[in-house]
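Me: I should like to learn how to read the surroundings of a helix and of a ligand. Could we work through one example together?

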Amino acid sequence: MQKYSIFSLIKNAFSNHKDWEVAWKDSEPKKEYDIIIIGAGGHGLATAYYLAKEHKITNIAVIEKGWLGGGNVGRNTTILRSNYMFDPNGLFYEQGMKMWENLSQELNYNVMYSPRGIINLAHSDAQMNIFYRRGNSMRLNGIDAVMLGRDELKKMIPFADFSESARFPIFGGLMQPRGGTARHDAVAWGYARQANSMGVDIIQHCEVTGFDVQNGKIEGVRTSKGNIKTKKVGLCVAGNTSLLAEKLNMKLPIESHVLQACVSEPVKPFLDHVVTFGAGHFYCSQSDKGEMVMGGDLDGYNSYAQRGNLPTLQHVLTEGVAMFPNLSRLKMLRTWGGIMDMSMDGSPIIDKTHIDGVYLNCGWCYGGFKATPISGWTFAYTIAKDEVHELSSKYRLNRFNTGHLIDEKGLGTKTWIG
Amino acid sequence: MLEIKCPHCGLRSQNEFSYGGDSNTKRPELGKEVSDKDWDNFIYLRDNPRGKHSELWHHVAGCRQWFKVLRDTSTHEIFKTAKLTEEL
Ligand SMILES: Cc1cc2nc3c(=O)[nH]c(=O)nc-3n(C[C@H](O)[C@H](O)[C@H](O)COP(=O)(O)OP(=O)(O)OC[C@H]3O[C@@H](n4cnc5c(N)ncnc54)[C@H](O)[C@@H]3O)c2cc1C
Ligand SMILES: [Zn+2]
């Protein structure tokens with residue numbers, strides 16, 4: 001594989017950039033693989049990459065029903081953070097943050113990791129208290145957390161509504177300085193390119209439609225391009241998890257919901273950080289192109305349509321305007337939606353299943369992009385060794401029976417139903 | 001915008017409603033012995049089909065009645081609505 005560097009850039013300039021190698025090759029399915037990963041989103045591609053790199057297993061196919069990166073990995077708002085209160089989440093996502101810091105070097109692909117800081121605004125004394133508590137829990141787990149007062153915030157985010165008439169006055173905020181954003185497509189492409197260079201087949205436009213299971217053991221998958229034999233299968237299909245699980249006679253504590261996001265027309269530098277509104281569900285950041293990237297609530301009803309309806313967007317943007325009044329002057333460029341695998345306690349599932357050789361990676365809710373490296377890393381371990389990794393050992397499916405839920409928000413099941 | 005026909009009030013905009021999920025979930029019978037597994041399933045497991053889904057909605061900014069809706073989760077098309085006491 002051609003290495004990307006300043007020298008390769010100069011060299012290719014002489015041929016008008018017409019001779020670059022393709023980043024990864026499209027493959028047709030072979031008859032048999034050691035491992036099949038279903039879903040060429042961030043998690044599937046990262047899993048394949050770490051299987052090849054860390055566990056030296058390369059007879060792998062990543063099978064994708066659409067095109068590589070066309071799912072949530074290419075639809076999310078790219079926020080990276082590990083600002084969790086509970087240990088299982090804090091430790092897992094913090095290890096993930098450390099992987100983001102080196103990911104561009106690791107993949108020889110610029111994922112544009114931008115640790116611009118994420119600020120959660122507080123609009124009451126009670127909310128400040130909660131943030132102090134969360135910040136302290138974070139620091140006990142070695143995660144960076146800083147409390148900000150109103151005056152500091154006035155300097156950092158001057159366009160927020162600090163007026164006396166603000167409906168939700170800003171009291172202060174909790175900041176994770178190392179939080180930030182990354183280029184979502186680059187993450188998918190970077191993992192695909194490296195995995196492919198180590199021998200992983202990437203098979204696009206091929207839908208997995210069923211499984212061959214014999215005596216409780218996986219033998220192969222059925223696809224729109226024929227049957228393929230395999231010893232192991234990893235499910236990384238995000239919002240489509242329930243549909244494939246059903247084919248394995250599993251009913252999961254997951255509902256599929258549409259989450260929308262939108263970007264405005266590009267404007268001059270306006271916002272240096274990722275900022276979340278504390279009196280509702282709205283967040284925004286500014287892309288390198290200058291667009292305001294904004295998102296918030298789920299539409300709120302089961303959906304497999306990768307598009308939502310206007311009332312939710314209107315609601316979310318009303319909150320946005322309450323936070324940054326001058327957003328009201330911007331025109332929207334695009335809106336879109338992705339299908340979230342909402343788990344019943346809001347935390348992910350990485351586990352083995354009742355079928356030998358079938359492994360489950362799902363339940364990422366709205367927050368799975370930031371987990372891409374660490375999810376791939378722990379899931380690859382689980383598949384290769386048929387053993388749960390220490391870091392993801394609290395993300396097992398049986399927690400819904402043992403009662404060890406990881407309900408970060410403390411809201412009980414189905415927190416998305418208002 | 002979804003337009004939902006409340007069986008009591010007629011066709012109204014989505015803004016007046018809130019969602020209650022899978023309408024086939026049954027609470028284990030009161031006062032009877034219930035296994036942990038049945039209880040967990042009742043709390044955590046819901047139908048999650050792609051296609052026709054029978055679900056509960058609440059006309060929260062209207063008559064405040066709960067009712068059933070048969071809706072397609074891949075197109076959002078609504079086929080039928082019914083009172084709680086009626087079959088969909
Ligand atoms: C609007 C929006 C904003 C978000 N914002 C953030 C954020 O700021 N930060 C954050 O951390 N997370 C965010 N997320 C969540 C994040 O995008 C997801 O949790 C994460 O991308 C899911 O993992 P994935 O990348 O592997 O999923 P996907 O990219 O969806 O990959 C799954 C793939 O499986 C394929 N597939 C499904 N069924 C089959 C089948 N039967 N056969 C073959 N292939 C199949 C799909 O086509 C898809 O490509 C957001 C999501 C959305 C929609
Ligand atoms: Zn009504």
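Reply: Let us begin with what covers a helix. In this predicted model, helix 10 (399-402) of chain A is among the elements that cover the buried residues of helix 1 of chain B.

Me: Which are the buried residues of helix 1 of chain B?

Reply: A residue counts as buried under 20% relative accessible area. In helix 1 (residues 36-44) of chain B, D40(B), F42(B) and Y44(B) are buried.

Me: How does one read the spacing of residues along a helix?

Reply: An α-helix has 3.6 residues a turn, so residues three or four places apart point the same way. In the present helix, D40(B) and Y44(B) are both among the buried residues.

Me: Turning to the ligand, which residues come nearest to ligand 1?

Reply: The surroundings of ligand 1 comprise 37 residues, and E64(A), N72(A), V73(A), Y366(A) and K370(A) come nearest. By class, the shell holds 18 nonpolar, 14 polar and five charged residues.

Me: Which backbone atoms lie within polar-contact distance of ligand 1?

Reply: A polar contact requires N or O atoms within 3.5 Å. A backbone N or O atom of G368(A) lies 2.9 Å from an oxygen atom of ligand 1, and one of T78(A) lies 3.4 Å from a ligand oxygen atom. For K65(A), a backbone N or O atom is 3.0 Å from a nitrogen atom of ligand 1.

Me: How much of the accessible area of ligand 1 does the protein cover?

Reply: On its own, ligand 1 has 1000 Å² of accessible area, of which the protein covers 96%. Strand 12 of chain A gives the largest share of the shell, three residues.

Technical notes: Residues are numbered from 1 along each chain as its sequence is written. Chains are lettered from A and ligands numbered from 1 in the order in which they are written. This is a predicted model: local features need pLDDT of at least 70, side-chain atom pairs count only at pLDDT 80 or more; totals for chains, interfaces and linings use all residues. Side-chain values use heavy atoms; hydrogens and water are left out. A residue is near a molecule or strand if one of its heavy atoms lies within 4 Å of it. A polar contact is a pair of N or O atoms within 3.5 Å; within protein, one must be able to donate a hydrogen and the other to accept it, and residues adjacent in sequence count only if both atoms are side-chain atoms. Accessible areas come from the Shrake-Rupley method with a 1.4 Å probe; for residues, only the protein chains shown count as cover. Helices (H or I, at least four residues) and strands (E, at least two) are DSSP runs, numbered from the N terminus. Ala, Val, Leu, Ile, Met, Phe, Trp, Tyr, Cys and Pro count as nonpolar, Asp, Glu, Lys and Arg as charged, and the others, Gly among them, as polar. Buried means under 20% relative accessible area, exposed over 50%, partly exposed in between (1.4 Å probe, protein chains only). Contact means heavy atoms within 4.5 Å.
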